[in-house]
Amino acid sequence: MMDDEYYMQQALKEAEKAYAEGEVPVGAIVVINGKIIARGHNQVEKLNDPTAHAEIIALTSAFNYLGAKYLPEAVLYVTVEPCLMCTGALYWSKVSRIVWGSDDEKNGHSRFTKDNWPFHQKATVTRGILADESAELMKSFFRQRR
């Protein structure tokens with residue numbers, strides 16, 4: 001039986017790909033019934049597109065894989081708290097569960113949404129899965145850039 005840590009490790013592998021490509025190291029995967037159906041990592045610099053976040057890449061891949069515009073059975077794992085844009089995409093995709101690693105006080109959705117639930121009303125959230133590993137990858141990336 002695979003658990004949240006296993007899937008977050010898979011998302012971290014995606015984040016490491018972003019890191020190696022000079023992108024902010026965020027990775028995401030989409031899981032349905034225990035199967036990873038989509039993967040994504042930040043590609044903002046590569047695609048010259050500020051919307052090319054890991055979550056958006058993974059969601060688009062999942063929509064294409066299923067041939068559907070909603071993912072009510074899906075769980076999205078992402079290494080860092082989703083930003084406001086990605087939170088909107090998660091809302092509209094009707095993902096049933098969102099799991100993230102480290103919180104993002106500067107760019108995470110909670111900076112803007114505060115006490116308002118920004119996800120689909122049936123969605124649940126789990127925070128802090130492999131948070132230290134996710135945060136350390138981000139810190140290492142930005143230390144290297146300075």
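In this predicted model, the largest pocket holds about 620 Å³ of space, and of the 26 residues that line it, Val24, Asp104, Asn107, Met138 and Phe142 are the closest to its centre. Two elements, α2 (44-47) and α6 (131-145), each give two or more residues to this lining, and the largest share, 6 residues, comes from α6.

The second largest pocket has 13 lining residues, of which Trp100, His109, Ser110, Lys114 and Arg127 are the closest to its centre, while α5 (110-113) and β5 (124-127) are the elements that give two or more residues to its lining. The table sets out the two pockets.

| Pocket | Volume | Lining by class |
|---|---|---|
| Largest pocket | about 620 Å³ | 10 nonpolar, 5 polar and 11 charged residues |
| Second largest pocket | about 150 Å³ | 5 nonpolar, 4 polar and 4 charged residues |

Turning to the interior, the largest nonpolar core has 22 residues, among which Val30, Leu76, Leu90, Val95 and Ile98 touch the most other members. The elements β1 (27-32), β2 (35-41), α3 (54-66), β3 (74-80) and β4 (97-102) each give two or more residues to this core. Another core, of 13 residues, lies apart from it and includes Met8, Leu12, Ile29 and Val99.

Leu90 also belongs to helix α4 (residues 84-93), whose buried residues are Cys86, Thr87, Leu90 and Ser93. Seen down the axis of α4, these buried residues fall within an arc of 125 degrees, so they line one face of the helix. Their cover includes α3, β3 and β4. Beyond its neighbours within four places in sequence, Leu90 is in contact with Leu59, Leu76, Pro82, Val95, Ile98 and Phe119. After α4 comes Lys94, which has a positive phi, near 60 degrees.

How values were computed
Residues numbered from 1 in each chain as written. Predicted model: local features only at pLDDT ≥ 70, side-chain atom pairs only at ≥ 80, totals over all residues. Heavy atoms only, no water. Core = buried A, V, L, I, M, F, W, Y, C linked by side-chain atoms within 4.5 Å. Buried < 20%, exposed > 50% of the residue type's maximum accessible area, 1.4 Å probe, protein only. Helix = DSSP H or I, 4+ residues; strand = E, 2+ residues; numbered from the N terminus. Contact = heavy atoms within 4.5 Å. Arc of directions from axis to C-beta. 1 Å grid on protein atoms, 1.4 Å probe; cavity = no way out; pocket = protein on both sides within 12 Å on 5 of 7 lines; lining within 4 Å. Points joined across faces, edges and corners; volume = space filled by probe spheres on them. Nonpolar A, V, L, I, M, F, W, Y, C, P; charged D, E, K, R; others polar.
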